[in-house]
Amino acid sequence: MMAEPTSTTDVWVSGTEAPEVSEWMVAGTDEGAQEMERDETIERGVEQRGARVVDDWVVDDTVDDEERMIVNMGPQHPSTHGVLRLNIELEGEIVRRVKPIIGYLHTGMEKTAETLTYLQGGTNVTRMDYLAPLQNELCYSLAVEKLLGVEIPPRAQAIRILMTELNRVSSHLVATATNGMDIGALSMMMYGFRERELILAFFEKTTGLRMNHNYIRPGGVAADLPDGWEEDVAEILERIPRAMADYEDLLKENPIWIGRTRGVGIITADECLAYGVTGPTLRAAGVPWDLRKAQPYSGIEAYDFDVVTGSRGDVYDRYRVRIGEMHQSLRIVEQVAAAMPRGDYKTGDRKVSPPPRQRIDESMEALIHHFKIYTEGFKVPAGETYVAIEAPRGELGCYLVSDGSGAPLRMHTRAPSFSNLQALPIMMADSLVADTVACIASLDPVMGDVDR
Amino acid sequence: MAHLTAPPQLLTTTLGKAMRWSQQQSMWPATFGLACCAIEMMATGTAHNDLARFGMEVFRASPRQADLMVVAGRVSQKMAPVLRQVYDQMADPKWVISMGACASTGGMFNNYALVQGVDQIVPVDVYVPGCPPGPQSLMHGILTLQDKVMSGELAR
């Protein structure tokens with residue numbers, strides 16, 4: 001663990017005489033050569049955080065040093081789901097310790113958010129977790145709306161639920177597909193992406209883009225659903241369950257799949273809670289925690305669905321939970337589509353949403369109004385808020401501070417992938433090196449979400 | 001339909017043309033997925049869009065076996081040396097496609113964290129616009145590269 005710099009003289013200014021390299025500088029600057037954390041520091045850190053978990057591995061000094069090896073994996077590796085880098089300490093074939101190194105996709109999005117108006121902010125957050133862009137937009141919009149105190153019309157809320165639940169399906173499809181590919185079930189990759197195209201086609205029709213939609217905005221959604229959306233949703237509801245039955249045939253009782261995933265990468269419920277792990281990983285460990293039930297948002301409490309849980313907390317259970325969640329999400333989509341309310345798709349509050357298009361043609365004031373909203377943006381009352389929703393990977397939170405101007409003073413995202421990634425060392429300790437990719441894939445980390 | 005009386009099956013060409021043709025027809029990309037564009041790159045390679053039609057579906061995990069680097073996504077300052085190292089490890093002849101707005105120019109992120117265009121680090125042959133570019137755009141970029149290789153403009 002990196003010690004705090006003791007005095008300002010520890011900071012070296014370029015051009016001056018280089019100081020003696022103290023311990024904290026080594027730790028802070030050179031990750032590659034950095035030693036794995038010593039056990040007593042881990043112990044201390046665990047106690048400080050109040051996160052004591054059962055770690056049954058003790059350093060065995062009798063093992064020959066020749067047997068110990070630190071292997072670097074990534075950041076350019078086909079199975080690390082982006083640019084994750086792992087330092088893996090091996091004893092022969094057994095993984096003893098793992099250290100994830102992140103930041104290879106750090107985009108400075110939280111800083112960028114401070115330079116964008118509230119209306120533009122959606123373009124930024126949607127690119128964080130790029131497999132669940134609509135969830136990011138929803139979370140951000142809910143936070144802005146909470147500060148604004150505006151009321152969202154029922155149709156907008158229903159559209160938001162429809163789109164985010166479809167997005168959950170498409171995200172879990174990618175998770176299952178890549179999980180399959182990493183373990184060697186290549187056909188799963190082909191199937192998963194095939195069905196995802198169906199949902200993406202609907203997204204493209206509705207939002208104009210396949211990904212990074214900026215569709216859900218503070219005040220409602222950007223546009224109404226397109227004509228004929230009922231048929232598209234009906235087709236999705238018909239084809240995806242049928243395709244999922246194929247996946248079940250392919251994987252559910254496949255002895256190779258079970259052999260590679262059963263009992264692999266186990267994490268217990270206590271460990272999940274200690275490390276802030278949420279989403280399918282937590283539910284696969286047997287905790288029925290779903291923010292859609294615990295803290296309902298956008299009127300999701302009106303729909304009927306179950307929280308899918310596992311019992312063992314291994315890779316197989318996580319796969320089962322994702323498949324189950326896809327079914328539940330489609331259940332929600334079916335109910336939303338059947339009971340889609342009529343009305344406006346964005347709030348009537350003219351402080352937030354621009355005047356209708358036809359008013360702009362006939363009224364100079366409406367034109368000015370429209371121009372002001374899109375250039376200056378609307379002002380949000382000073383204050384701070386935290387809103388969390390259930391993204392496909394877990395609790396996605398948005399902490400927003402406003403100083404009363406047209407852009408946030410600070411925006412922070414509680415990224416589910418980031419918290420879940422902390423659990424990787426627990427999951428992989430004492431497992432075989434071949435199970436590494438299975439563990440990573442089952443966590444389904446999106447590095448854009450981790451690094452932002 | 002081989003006939004005993006058929007004329008000798010000969011084809012005359014120039015060495016350069018034959019080389020360009022073979023370079024063009026089996027260009028193996030290195031997997032270099034970074035961000036959102038990587039997902040679209042995966043979508044391009046899988047069933048629905050099927051990059052295999054253009055002889056490019058063999059995404060190689062090792063840069064040593066790859067001819068083409070598709071820089072798919074935003075390149076952070078921390079990733080830049082890694083990217084350059086992967087490029088250096090690729091064997092000649094090699095090409096680079098910059099996929100998406102972030103890789104080409106930094107995109108909407110004009111800040112401290114991102115390299116403002118991957119062409120600051122590696123020579124780029126084809127830029128594919130979009131955020132992210134759809135599979136069709138990427139395929140168009142790849143076909144453009146193939147055309148340019150065949151015409152000799154980008155032949156190595």
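The exercises below work through selected helices, strands and cysteines of the structure shown above.

This is a predicted model, in which local features need pLDDT of at least 70 and side-chain atom pairs count only at pLDDT 80 or more, while totals for chains, interfaces and linings use all residues. Residues are numbered from 1 along each chain as its sequence is written, chains are lettered from A and ligands numbered from 1 in the order in which they are written, and side-chain values use heavy atoms, with hydrogens and water left out.

**Exercise 1.** Describe helix H15 of chain A and what stands at its ends.

Solution. Helices (H or I, at least four residues) and strands (E, at least two) are DSSP runs, numbered from the N terminus. H15(A) covers residues 364–375, and its twelve residues reach 16 Å from first to last C-alpha, close to the expected 16 Å, a span defined as 1.5 Å times one less than the number of residues. At the N-terminal end, Ser363(A) acts as the cap, with a side-chain oxygen 3.3 Å from the backbone nitrogen of Glu365(A). After the helix comes Gly377(A), whose phi is positive, near 85°.

**Exercise 2.** Determine how many disulfides the structure holds, and examine Cys139(A).

Solution. With a disulfide taken as a pair of cysteine sulfur atoms within 2.5 Å, the structure holds zero over all chains. For Cys139(A), the nearest cysteine sulfur belongs to Cys398(A) and is 5.1 Å away. Cys139(A) is buried, at a relative accessible area of 1%, where buried means under 20%, exposed over 50%, and partly exposed in between (1.4 Å probe, protein chains only).

**Exercise 3.** Work out the strand order and the edges of the sheet that contains E6, E7 and E8 of chain A.

Solution. Two strands pair if DSSP finds at least two bridges between them. The three strands form an open, antiparallel sheet in the order E6-E7-E8. Strands E6 (383–391) and E8 (410–414) of chain A each have a single partner strand, so one side of each is left without a neighbour in the sheet. E6(A) and E7(A), the latter spanning residues 394–402, are joined over nine bridges, and Ala388(A) has Gly397(A) in E7(A) as its bridge partner.

**Exercise 4.** Decide whether strand E2 of chain B is enclosed or open, and find a strand that pairs with it.

Solution. Five of the five residues of E2(B), residues 68–72, are buried, so the strand is largely enclosed by the rest of the structure. Leu68(B), Val70(B) and Ala72(B) point one way, while Met69(B) and Val71(B) point the other way. Strand E1 (residues 29–30) of chain B pairs with E2(B) in the parallel sense over two bridges, and Pro29(B) has Leu68(B) as its bridge partner.

Note on methods: A polar contact is a pair of N or O atoms within 3.5 Å; within protein, one must be able to donate a hydrogen and the other to accept it, and residues adjacent in sequence count only if both atoms are side-chain atoms.
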